[in-house]
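Hello,

Here is the structure I promised to send over. Have a look at it first, and then read on for my notes.

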Amino acid sequence: MAHLGSRRGRALALPVGLALTASLGFLPSGAASAAELSDAPAATVATDGPKLSYVVNVAGGRWIASSVKKAIARAGGEVVVAYDQIGVIVVHSQNPEFAKTIRRAHGVVSAGATRTAPLSVQSVDAVDEGAQTLSAAEAKAAAARATDEQDPLEPLQWDLPAIKADKAHQKTLGSKRVTVGVIDTGVDDTHPDLAPNFDAKASANCVTGKPDTTAGSWRPNPGESDHGTHVAGTIAAAKNGVGVTGVAPGVKVSGIKVSTPDGFFYTEAVVCGFVWAAEHGVDVTNNSYYTDPWMFACKNDADQKALIEAVTRASRYAERKGTVNVAAAGNSKFDLAADEILDDSSPNDSTPGSRVIDPKECLDYPAMLPGIVTVSATGAKDLKASYSNYGLGVIDIAAPGGDRTEYQTPDAPAVNGRILSTTVNGGYNYKAGTSMAAPHVAGVLALIKSTHPHASPAALKALLYAQADKRACTNPYDIEGDGKIDAVCEGGKNKNGFYGAGLIDALDAVRR
């Protein structure tokens, strides 16, 4: 997945400075209702606590939601936005007892704080991801090697032939009727490799939990992460004689910004992102992050249970509307099918603690939610990347995410084991992580959708898995070459913990 900086992520911060992965507007009818500042809170309600954001999940129809909104006001809450179509209400409150109080209200299924740091103290400083830059010498050498059919930097993109995308492009570049939504840190649509394929109508800023469609609101601000821009290039950088080539260079890509300036992906923003995608014709979403502040949110915690419920409702709603959702598995080397995992980084927006969790009860979300396509990362030698999470029954499919060059060295003319893609201000850089693997899958799904325009999300996922190149377990797995086993793969060739159904195949996506 992607989390920004070294604290968490779908894009991996590797040595040599490799980056991790780690706006409000008018909505169409049927979308979120405008904030209703309902009745004043009761005089006895405390309002001296830190201002926090909450999600309140409601049962039943709209009349229940209306009743709950009144209860929210009485409990000292202010409705920011209500997604009545999925029964999720985003609330701000300074009542320290707000969550406990509203959980007792008729019609409330669950409710919880989306963060542990107060809204008022969020930093405006960006996380410096420090991606490895593309040197002028590398770019010049690549351009000299490029064929007439290649963009200038394509010789450095070992990941395209790894999934046969170069051969797929000889058949089709994908349909402009297909849109992939990048739910991430924002997309710089002014980049010359992204501008030709950018879908502004399907783009928004969802950071507050309520969509802002102001022109450009979906872009990262100066100093903010280029993570989403890098992801977008992998999916749909245009084949236009400039820079790099995306997996599906003929499809549309949109930017749905859900990351705060300091790199946190909170539940209310993620919910907004999925609902926005569902209602704006997005065919595939890419989710290269985990939802903060919990690396694993546990169902036996009242707050964390509510966060899982809200994002589950939103992602399922998107799928019902025709969207396939893809997510990165994470970069912590965890076996997500293990009996227990040590989570010592949560909550990451205040003071982390140390806890042993059961991944069957505590989920890395959205990656571990039902219906999501969960992606592990491979390197230039088609082996599981050193950092990639894995797990039998959790990983659905594998794709190139890059690795340390010394671990998995690409064949010439490529020179770097990481993934080359677009960055802000018209540039290009290398990153590695499951954040980089997921957009390869999103791109292949876009090609499948282009080939089968009437296929349902379930059918698209079935085709994705059926067309993958089966890959048996890599055992023993000593990626560091020091004589120590780094991970154990379980399962057979058709389905296993390292590669799921196998390595994605873009060529089969367009010819079957």
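In this predicted model, strand S7 (residues 179–184) runs parallel to S9, and six bridges link the two. One place to look along this pairing is Ile183, which sits opposite Ile256 in S9. Strand S8 (residues 204–205) is also parallel to S9, joined to it by two bridges. Here Ala204 is the residue facing Ile256 in S9. If you click on Ile256, then, you will find Ile183 opposite and Ala204 opposite as well.

How much of strand S9 is covered? S9 spans residues 252–257, and six of its six residues are buried. In a regular strand, side chains point alternately to the two faces of the sheet. For S9, one side carries Lys252, Ser254 and Ile256, the other carries Val253, Gly255 and Lys257, and all of these are buried.

Next, the annotated site. The unreviewed UniProt entry lists Asp184, His227 and Ser435 under "active site". These residues are spread over 252 residues of sequence, yet they cluster in space, with a largest C-alpha distance of 10.1 Å.

Asp184 brings us back to strand S7, where it lies. Is Asp184 buried or exposed? Its relative accessibility is 0%, so it counts as buried, the cut-off for that being under 20%. Leaving aside residues up to four places away in sequence, Asp184 touches His227, Gly228, Val231, Ile256, Lys257, Val258, Ser259, Phe265 and Ser288. With His227 there is a polar contact, side chain to side chain, at 2.7 Å.

Ser435, another of the listed residues, belongs to helix H9 (residues 434–451). Ser435 has a relative accessible area of 0% and is therefore buried.

Now to the other sheet I looked at. It is open, has four strands in the order S3-S4-S2-S5, and pairs in the antiparallel sense. At its edges are strand S3 (77–83) and strand S5 (108–113), each of which pairs on one side only. From one strand to the next, the twist averages 20°. Within this sheet, strand S2 (residues 52–58) and strand S4 (residues 88–93) are antiparallel and share six bridges; Val56 has Ile89 in S4 as its bridge partner.

Which helices lie across these strands? Helix H1 (residues 62–74) lies across S2, S3, S4 and S5, at about 155° to S3. Helix H8 lies across S2, S4 and S5, and its angle to S5 is about 110°.

H8 deserves a few more words. It covers residues 302–320, 19 residues in all, and reaches 27 Å from its first C-alpha to its last, close to the 27 Å expected at 1.5 Å a residue. At its start, a side-chain oxygen of Asp301 comes to within 3.0 Å of the backbone nitrogen of Asp303. After the helix comes Gly322, with a positive phi near 110°. The buried residues of H8 include Leu307, Ile308, Val311 and Tyr317, and also Gln304 and Arg313.

If you open the model with just one view in mind, I suggest Asp184: you can see the polar contact with the side chain of His227 and the touch with Ile256 together.

Best wishes

Definitions and conventions:
Residues are numbered from 1 along each chain as its sequence is written. This is a predicted model: local features need pLDDT of at least 70, side-chain atom pairs count only at pLDDT 80 or more; totals for chains, interfaces and linings use all residues. Side-chain values use heavy atoms; hydrogens and water are left out. Buried means under 20% relative accessible area, exposed over 50%, partly exposed in between (1.4 Å probe, protein chains only). Two strands pair if DSSP finds at least two bridges between them. UniProt positions are given in the numbering used here, feature names are shortened, and annotations may be inferred rather than shown by experiment. Contact means heavy atoms within 4.5 Å. A polar contact is a pair of N or O atoms within 3.5 Å; within protein, one must be able to donate a hydrogen and the other to accept it, and residues adjacent in sequence count only if both atoms are side-chain atoms. The expected span of a helix is 1.5 Å times one less than its number of residues. Axes are lines fitted to C-alpha atoms, for helices over the stretch in contact, and angles run from 0 to 180 degrees between N-to-C directions.
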